[in-house]
Amino acid sequence: MAVFTAYNHDQIIDFLKQQAPHAEIHIDDETAVKHTANGNAESSISGQILAYVAVGDKDDIRGVLKTAQKFHLPVVPQTADTSTVIGADGVNGGIILSVARLNHIKEIDKDDSLAVVEPGVINQDLDKAARKQGMFYAPDPASKPMSAIGGNVSTNAGGLSGVRYGATKDSVLGLKVMLTNGQEIKLGGRTFKQAYGYDLTQLLVGSEGTLGIITEVTVKLFPIPIGKTITGMAFFDDMAKLAEGVKAIRNSGLYPSMLEALDGKTVKALDQYEHTSYSQSDTSSLLIFSIDSASDLKLQTSNKILDEQGAWNVQITDDPEKAKSLIKLRQDMLPAVFSNAKYYIMEDMAVPLSKLAEMVKYIAQVGTELDVDIYTAGHAGDGNLHPSLLWNDQPTPPERVIEATRRLFRKTLALGGTISGEHAVGMSKNQWTNEELGDSVDVLQHQIKNLFDPMGILNPKRKIN
């Protein structure tokens, strides 16, 4: 059947270039191909984007949105392109709108304990700039050296410090957002408290680019804690006992700034990768922890709790260099694990703290029952687990891996948890909206999407399906 298009490809591109005069526009070149599918979510993506547009200012953003609305084109917002859930990969015939060039730290205000940044600012760059003024930016996802604040906000990224300082949402005070009609709105502000109107700031946090384009972010900064930070490691017989130890530490009043868990298989993988010899058995699990503003009482208390919970090979240090080496174990966890297979899926579920031990037992059970190689680590202090499922036989996940993932998701929901703790939804999990949220909330989610984006052009099929 013949399709009679109103405009051809060249006419659309010419219009786009007129509307976004300060943008770097890439069409069918190496840059466009590179950003079409980032490789973290999948190795390739069908179809071809219309253009990769690295905007130079807000007017360019307006121009891209105007073009998209006129020609009914999908727009995929992108910053540093580090999504792991097919959240920023290109859509066939669509435009990737990159704000990576909008990367200026506009203000660091020590008196107000905040920073104002453009969305393309790299997380680690903001933290380094704040530390020069005696402050720090708390959210620290594993992608801290390369992920951007705009993407962190869009996905509500978490990280190692979540147990003490929360996820990205807990550090966002205000936003500026470009709506699809080209209007920029201001949400929130510079105060730590705000109770007027509906909280649209938090609605946009974690919205994955489906409601608007973030153009500016105001975030909290914290003063660098005085005194020494103690960092330690402790082993437990298995992950279930480690989970009980984590619960005791959380309830002790120590207020740890990090509680990271690695199961026995992960520790073995690290030993192979780092040429160390920490592993004592197939199940012995490792806890890496930090406590800010340490005192003799905190040191004594942490040692007492670990002893009561059956921990062994406990090592605690206040030496910054030794602490870095311990934290590096957690940071090297992923490359160590992934070196054991050709293909993998790293999942991201969170359960109530009281259910952590039950969940880690179930993960091991599913691995045994379905003969799936599963390595489990995570931010144990806030109940966030990252089981990695590995295989070698084919590029796409075999049925046993898919079934294992389904079982882990359903167990997580049965325990009152969520199947996305900090990695967002993207296209990897958008089929689960009804199962996690229920019928009524599922419909409400779509109504909100339709209110902000009536033409459905912003990051289609992400977040909700």
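# Briefing: helix pairs and two sheets

Helix H13 and helix H14 run roughly antiparallel to each other, because their axes cross at roughly 160 degrees, and an angle over 145 degrees counts as roughly antiparallel. The model is predicted, with a mean pLDDT of 92 for the chain. The points below cover confidence, an open sheet of four strands, an open sheet of five strands, and three helix pairs: H13 with H14, H8 with H13, and H1 with H3.

**Confidence of the model**

- A pLDDT of 70 or more is reached by 97% of the residues in the chain.
- Residues 39-44 are an exception to read with care: pLDDT stays under 50 across this stretch.
- For residues 39-44 the model has 13 contacts beyond four places in sequence.
- Predicted coordinates should not be read in detail where pLDDT is low.

**H13 with H14**

- H13 covers residues 356-370 and H14 covers residues 399-414; their axes come within 10 Å.
- The two helices, H13 and H14, cross in the right-handed sense.
- On the H13 side, the contact is made by Glu 358, Met 359, Tyr 362, Ile 363, Val 366, Glu 369 and Leu 370.
- On the H14 side, their counterparts are Arg 400, Glu 403, Ala 404, Arg 407, Leu 408, Lys 411 and Thr 412.
- Sorted by class, the residues in the contact of H13 with H14 are seven nonpolar, one polar and six charged.

**H8 with H13**

- H13 also packs with helix H8 (residues 239-250); the axes of H8 and H13 lie 8 Å apart, at an angle of about 165 degrees.
- H8 and H13 are therefore roughly antiparallel as well, and their crossing is right-handed.
- H8 contributes Met 239, Ala 240, Ala 243 and Glu 244 to the contact, while H13 contributes Leu 356, Ala 357, Val 360 and Lys 361.
- The contact of H8 with H13 has six nonpolar and two charged residues, with no polar residue.

**H1 with H3**

- Helix H1 (residues 9-19) and H3 have axes that come within 8 Å and cross at roughly 150 degrees.
- This pair, H1 and H3, is therefore roughly antiparallel, and H1 passes H3 in a right-handed crossing.
- From H1, the residues in contact are Ile 12, Phe 15, Leu 16 and Gln 19.
- From H3, they are Asp 59, Asp 60, Gly 63, Val 64, Lys 66, Thr 67, Lys 70 and Phe 71.
- Five nonpolar, three polar and four charged residues make up the contact of H1 with H3.

**The four-stranded sheet**

- The sheet is open, with mixed pairing and the strand order S1-S2-S4-S3.
- Strand S1 (24-26) and strand S3 (75-78) are the edge strands, each pairing on one side only.
- On average, neighbouring strands of this sheet are turned by 20 degrees against each other, direction ignored.
- S3 runs parallel to strand S4 (residues 95-98), and four bridges join S3 and S4.
- Opposite Pro 77 stands Leu 97, a residue of S4.
- Helix H3 (residues 58-71) packs on this sheet and touches strand S2 (51-54), S3 and S4.
- The direction of H3 makes about 165 degrees with that of S4.

**The five-stranded sheet**

- This open sheet has antiparallel pairing, and its strand order is S5-S6-S10-S8-S9.
- Its edge strands, each paired on one side only, are strand S5 (105-109) and strand S9 (184-188).
- From one strand to the next, the twist averages 10 degrees.
- Five bridges pair strand S8 (residues 172-178) with S9 in the antiparallel sense.
- Val 177 has Ile 185 of S9 as its bridge partner.
- H3 packs on this sheet too, touching S8, S9 and strand S10 (213-220); the direction of H3 makes about 55 degrees with that of S8.
- Helix H4 (residues 123-131) lies across S5, strand S6 (114-117) and S10, and runs at about 40 degrees to S5.

Methods:
Residues numbered from 1 in each chain as written. Predicted model: local features only at pLDDT ≥ 70, side-chain atom pairs only at ≥ 80, totals over all residues. Heavy atoms only, no water. pLDDT = per-residue confidence, 0-100. Contact = heavy atoms within 4.5 Å. Pairing = 2+ DSSP bridges. Axes fitted to C-alpha atoms, helices over the stretch in contact; angles between N-to-C directions. Parallel < 35°, antiparallel > 145°, perpendicular 65-115°, else oblique. Left-handed = near helix turned anticlockwise from the far one by under 90°. Nonpolar A, V, L, I, M, F, W, Y, C, P; charged D, E, K, R; others polar.
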